[in-house]
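I opened my notebook next to the viewer today and went through this chain piece by piece. Here is what I looked up, in the order I looked.

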Amino acid sequence: MENSKIDELICLTAWSAAFMDGQKDGSKATEDEKNIVRAMRAFFKMDADRFNTAYDRYKTYSDHLIELQDKDPITKIVARYSALKVAFKENEDGADKSNLSDKEWEYIKKIDDSINIKIVYNDIKDEAYKLLDLIINYEKEKLDGYNPDSQIIVNIWYLLREFFNSLEKNNLFDVWEENYLALIKYKSEMQDVFGENPFLKEFDEKYKKQKPLISNFKKEKLAKEKQLAKEKAEEEKQLAKEKAELEKNKTHEYSVSNGIHYCKYCGGDEKWRQFDCKRELGHKYTLRRVQNKFGFDYSFQPVCNNCGDIRHYCQPDNKYEFKCKVK
Ligand SMILES: [Zn+2]
Ligand SMILES: [Zn+2]
């Protein structure tokens with residue numbers, strides 16, 4: 001299967017936002033939503049044939065996102081914000097602009113997971129929406145006798161710069177490198193769609209200078225991730241141990257002597273099996289001949305070896321949580 005061009009991927013991402021049923025024939029798109037994509041196609045000089053051919057390449061509304069994954073940052077950004085623009089369109093006059101449907105959010109989330117640049121959204125969103133507004137008003141501007149192309153192109157490259165600045169600000173040197181390499185990889189395709197990248201030389205030089213730094217950064221990051229994973233594994237092990245200990249504390253361990261069943265840790269007999277044992281109190285009972293609680297006669301009762309506590313008639317201490325103290 002032939003891959004889509006970057007501008008086709010952008011328009012498909014926006015177009016799919018208008019159809020959120022998960023299948024292509026579930027038409028729910030409003031004219032307003034479709035018009036956004038039409039305006040985008042006008043800017044990208046994409047006729048219906050080219051768009052339809054791209055559209056027919058995919059089975060579902062999100063299949064094309066796989067191709068978006070490794071594309072250049074401009075394509076990713078414009079695709080995401082155009083989809084948001086479309087998704088918000090039907091709510092634009094409503095009281096709550098953030099009122100997207102679950103399916104729409106799900107789709108946006110899918111885009112976010114594909115393009116994997118969430119960290120910069122805050123820094124670029126104003127520029128991104130500004131750019132989208134320019135693109136959406138493309139035809140209207142043309143009708144009014146303006147040529148908005150150059151303005152849009154300027155904004156696109158400005159946005160790219162904001163994007164890389166944001167990565168630097170956040171010390172994301174590995175993401176910086178990844179996206180710089182995408183600029184190189186898609187250089188000619190980007191040039192066809194967005195014109196020549198005015199910052200490429202600047203980025204080239206920066207990359208040359210920063211390469212050792214970036215590789216160090218990646219090494220350190222990897223080491224840190226390994227360390228964190230190790231700590232997490234240890235923490236989980238400790239938690240499992242504590243859980244097992246808690247479970248153990250609840251379990252009785254019966255002994256039998258002189259026909260009497262009693263638990264070594266709480267002194268209770270079989271009828272206490274339905275309740276939790278209290279091993280954590282620390283007693284350790286064995287059967288001894290002691291004077292009965294009421295009366296002067298003697299019988300065998302569980303007595304704690306450590307503190308001398310007597311569990312008369314095998315009644316464990318369930319109320320007072322009486323802790324063992326070694327005499
Ligand atoms: Zn017990
Ligand atoms: Zn005791």
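**Entry 1: contacts along the chain.** I began with what a contact is: two residues are in contact if their C-beta atoms, placed from the backbone, lie within 7 Å. I then looked at contacts between residues at least 6 apart in sequence, and 65% of them join residues at least 24 apart. A reminder to myself: this is a predicted model.

**Entry 2: overall build.** I found 12 helices and four strands in the chain. The radius of gyration is 35 Å, well over the 20 Å that the globule rule gives for 327 residues, so the chain is more spread out than a compact globule. I also noted the box that the C-alpha atoms fill, roughly 115 × 50 × 40 Å along the principal axes. Of the 327 residues, 29% count as buried.

**Entry 3: domains.** The domain assignment splits the chain into domain 1 (6-198), domain 2 (200-249) and domain 3 (254-314). How far apart do the C-alpha centres of domain 1 and domain 2 lie? I read 32 Å. Where these two domains meet, six residues of domain 1 are in contact with nine residues of domain 2.

**Entry 4: the cores.** I went to the largest nonpolar core next, which has 57 residues. Cys 11, Ala 14, Met 40 and Leu 159 have the most contacts inside it. Another core, of nine residues, lies apart from it and includes Tyr 262, Cys 263, Val 303 and Cys 314. I then went back to Leu 159 and left aside its neighbours within four places in sequence. Leu 159 is in contact with Ile 74, Ile 77, Ile 124, Glu 127, Ala 128 and Leu 131.

**Entry 5: Leu 12.** I picked this residue in helix H1. Is Leu 12 buried or exposed? Leu 12 counts as buried because it has 27 C-beta neighbours inside 10 Å, and the cut-off for buried is 20 or more. Beyond its neighbours within four places in sequence, Leu 12 is in contact with Ser 4, Ala 54, Tyr 55 and His 64. I also took one long span: Leu 12 and Arg 273 are 261 residues apart along the chain, and their C-alpha atoms are separated by 65 Å.

**Entry 6: helix H11.** I turned H11 (residues 187-194) around to see its sides. Met 190, Val 193 and Phe 194 are buried. They cover an arc of only 75 degrees around the axis, so they sit on the same side of H11. On the other side of H11, Ser 188, Gln 191 and Asp 192 are exposed. What do the buried residues of H11 pack against? I found helix H1 (6-18), helix H5 (73-89) and helix H9 (149-169). Gly 195 follows H11, with a positive phi near 85 degrees.

**Entry 7: Lys 125.** This residue is in helix H7 (residues 121-136). Lys 125 is partly exposed, because 15 other C-beta atoms lie within 10 Å. I checked its distance to Tyr 81: the two are 44 residues apart in sequence, and 8.2 Å apart in space, C-alpha to C-alpha.

**Entry 8: a hairpin.** Strand S1 (residues 254-257) and strand S2 (residues 260-263) pair in the antiparallel sense over four bridges. Ser 257 stands opposite Ile 260 in S2. S1 and S2 form a hairpin with two residues between them. In the turn I noted Asn 258, which has a positive phi of about 50 degrees.

**Entry 9: two more positive phi values.** Most residues other than glycine have a negative phi. I therefore wrote down Asn 116, whose phi is positive, near 55 degrees. Asn 116 lies in the loop between helix H6 (102-115) and H7, and it counts as exposed because it has 12 C-beta neighbours inside 10 Å. Tyr 313 also has a positive phi, near 55 degrees. Its place is in the segment after strand S4 (298-304). Tyr 313 is partly exposed, with 13 other C-beta atoms within 10 Å.

Terms used: Residues numbered from 1 in each chain as written. Chains lettered and ligands numbered in written order. Predicted model: local features only at pLDDT ≥ 70, side-chain atom pairs only at ≥ 80, totals over all residues. Core = buried A, V, L, I, M, F, W, Y, C linked by C-beta atoms within 7 Å. Arc of directions from axis to C-beta. Pairing = 2+ DSSP bridges. Rg over C-alpha atoms; globule rule 2.2 N^0.38 Å. Domains from an automatic or database assignment.
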